[in-house]
Amino acid sequence: MLGVAEDGSDRRLSQLKILIDTGLPATDRRKRIVVVGAGPAGLSAATLLADAGHEVTVLEANGNRTGGRVKTFRGVFTDPALHAEAGAMRLSSEHPMVLALADKLGVSRRPFYNADVLPDTPTPPTPPVFYRSFTGEEWSNGPRLRYVPPPTAGRGLLRVNGVTRTRGEYAANPAEVHAGFGCDLATTSGECLHTALRQAAVLAEQPIERQVAVWAKLLSDYENHSLRSYLMERGWPRQRIEAVGTLENLTARLRHSVVFPLVDHTLISSEATYWELAGGMASLTDALAQRLGPAILLGRRMTRLEQTEHGVRVWTTGETGDEDSDGRPADPVEAFDADYAIVAIPLTSARFCTFDPPLSYDKRRAIIELHHDAATKVLLEFKTRFWERGPAGFRGGRCVSDSPSRTMYFPSHVADSEGGVVLASYTFADDAMRWDSLTEGERVHFALAGMRELFGARVDSEFTGVGVTQSWVRARYALGEAAIPTPGQLHDHHLATRSVEGRTHFAGDHTSLDTAWIEGALESGVRAAREVHAR
Ligand SMILES: Cc1cc2nc3c(=O)[nH]c(=O)nc-3n(C[C@H](O)[C@H](O)[C@H](O)COP(=O)(O)OP(=O)(O)OC[C@H]3O[C@@H](n4cnc5c(N)ncnc54)[C@H](O)[C@@H]3O)c2cc1C
């Protein structure tokens with residue numbers, strides 16, 4: 001969590017250097033390594049090992065793309081210049097590995113506006129990546145440049161309990177909006193939540209030994225708490241939880257472990273800024289995949305892994321159909337032999353694989369029990385960016401509503417197009433599962449209705465008729481958004497997710513404490529590559 005290695009050094013810093021600067025040392029014991037899964041974890045592990053001189057084969061179930069939950073919809077909109085993100089969409093300034101990897105691969109990044117800005121806001125220059133270790137050492141990939149994010153416009157909309165306000169109006173008079181929940185809170189939901197979760201505001205400035213002690217206590221005190229029970233223990237009445245949950249799009253995640261919200265609000269500063277990749281997020285995984293070239297075999301789904309003391313054999317089936325719709329494992333069955341394997345697929349997918357000999361008891365329990373959440377997106381294409389026009393116009397940022405759509409995100413930048421794609425509904429957990437039950441056409445219909453509630457009938461004439469949707473629960477190789485532990489699961493399962501089983505190593509964001517972030521996937525890829533390289 002704090003990146004302290006067993007010997008007291010900064011694990012994050014050493015991983016950053018390996019991934020970006022040095023790679024792994026060239027090997028004098030060339031091994032045959034099978035990497036299962038070509039998401040960011042598998043691709044980063046495979047690249048490091050191949051560059052170090054090992055013979056690497058990557059087996060990817062998907063027949064037509066790599067990237068996993070990094071997936072950009074391209075070529076599906078009426079305007080070919082437009083693209084939109086089905087999965088990951090922003091990179092945090094607190095995640096140096098993924099930002100520096102994008103820079104290293106020449107993948108251009110630009111600001112992602114989490115909060116709306118004025119439509120004519122000039123794009124600030126992109127600063128190099130900077131990381132300061134708790135050891136005092138600093139790492140950067142360019143001359144230091146202070147990034148000053150543009151001011152927020154406060155024009156994005158909130159609509160709850162039948163009342164619509166801009167974010168600026170809400171910030172000026174939060175009590176008016178909260179009254180609809182029967183709640184007398186006078187600060188904004190964001191400030192209120194941040195105060196409740198930011199347990200130790202000065203942590204980053206304290207000696208690392210003190211930080212470790214504080215975190216050990218936080219974990220022992222709250223590991224078994226859900227976000228809801230944690231807030232109740234701090235004296236929050238039900239109405240405040242409902243107001244903040246609704247306005248922060250957290251209602252559906254209130255029953256999950258409080259540990260990750262605590263990490264996000266304590267370790268990730270409120271000053272975090274966000275970045276997107278100009279060509280779409282998949283340009284990062286595409287660039288990694290390009291480096292591996294023919295070492296990646298698409299359409300090979302692992303169904304069984306056998307290992308002896310001498311080697312591993314991974315059995316795969318060919319695949320038919322689309323990753324999001326009908327399909328079934330099909331012949332031909334093909335086996336791949338290697339000295340070692342790295343399994344970099346979600347545990348949800350590993351659930352449908354067999355292992356001989358069986359995996360350890362703890363690993364099997366993690367595969368069976370670790371909670372994976374749902375997330376669903378509905379993306380609608382519009383002929384013009386009408387929300388940017390007029391005195392109330394805004395660019396980027398999000399609107400929040402208590403309609404089924406819950407959160408809408410607007411594009412931060414659009415190049416070479418009059419139009420734009422809006423993430424018209426972004427939902428998690430139970431909120432997402434409602435959408436998962438709908439057909440593709442119904443999802444588009446109801447997301448358009450959600451937009452109409454906020455922007456009126458003009459959405460109908462502006463809609464191009466093209467909407468695309470992504471349910472991550474129904475995606476056959478992901479089977480969920482990400483591992484989001486319920487109370488107690490971090491303690492019960494986290495170590496088992498990453499433990500080595502014979503000649504088989506495990507990677508994936510679920511094995512990292514940065515779960516549900518590409519940074520966590522890369523961290524796990526570097527760790528697994530180091531483990532195998534060292535054998
Ligand atoms: C909706 C959503 C929003 C997100 N937003 C962000 C964000 O804004 N920023 C961010 O940093 N992260 C975000 N993430 C998380 C990020 O996408 C993941 O952390 C990252 O993709 C995990 O990488 P991975 O390699 O561990 O797994 P994956 O990306 O899932 O890759 C696993 C690969 O294994 C393949 N596979 C599965 N089963 C098999 C099998 N049996 N045999 C062979 N191959 C198999 C899959 O097809 C896939 O290619 C988001 C995720 C989702 C779903």
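User: How many residues surround the ligand, and which are the closest?

Analyst: Keep in mind that this is a predicted model. The closest residues to the ligand are E60, R69, R90, S349 and D509. Counting everything around the ligand, the number comes to 35 residues.

User: Which residue has a backbone N or O atom 2.8 Å from a nitrogen atom of the ligand?

Analyst: Let's go through the polar partners. The side chain of E60 puts an N or O atom 2.6 Å from a ligand oxygen, while S349 has a polar side-chain atom 2.7 Å from a ligand nitrogen. Those two use side chains, but here the backbone atom belongs to M302.

User: How much of the ligand's accessible area does the protein cover?

Analyst: On its own, the ligand has 1,000 Å² of accessible area. With the protein around it, the covered share is 97%.

User: Which elements give two or more residues to the shell around the ligand?

Analyst: By class, that shell has seven charged, seven polar and 21 nonpolar residues. As for the elements giving two or more residues, they are α2 (40-51), β13 (301-307) and α18 (518-533).

User: What about cavities: which helix gives the most to the lining of the largest cavity?

Analyst: There are three cavities of 30 Å³ or more, and the largest has a volume of about 70 Å³. Its lining includes F260, L370, Q489, L490 and H494, and by class it has five nonpolar, five polar and no charged residues. With three residues, the top helix in that lining is α17 (residues 489-498).

Definitions and conventions:
Residues are numbered from 1 along each chain as its sequence is written. This is a predicted model: local features need pLDDT of at least 70, side-chain atom pairs count only at pLDDT 80 or more; totals for chains, interfaces and linings use all residues. Side-chain values use heavy atoms; hydrogens and water are left out. A residue is near a molecule or strand if one of its heavy atoms lies within 4 Å of it. A polar contact is a pair of N or O atoms within 3.5 Å; within protein, one must be able to donate a hydrogen and the other to accept it, and residues adjacent in sequence count only if both atoms are side-chain atoms. Accessible areas come from the Shrake-Rupley method with a 1.4 Å probe; for residues, only the protein chains shown count as cover. Helices (H or I, at least four residues) and strands (E, at least two) are DSSP runs, numbered from the N terminus. Ala, Val, Leu, Ile, Met, Phe, Trp, Tyr, Cys and Pro count as nonpolar, Asp, Glu, Lys and Arg as charged, and the others, Gly among them, as polar. On a 1 Å grid over the protein atoms alone, a cavity is a set of points where a 1.4 Å probe fits but cannot get out, and a pocket is an open set with protein on both sides within 12 Å along at least five of seven lines; lining residues have an atom within 4 Å of a point. Grid points are joined across faces, edges and corners, and a volume is the space filled by probe spheres set on the points.
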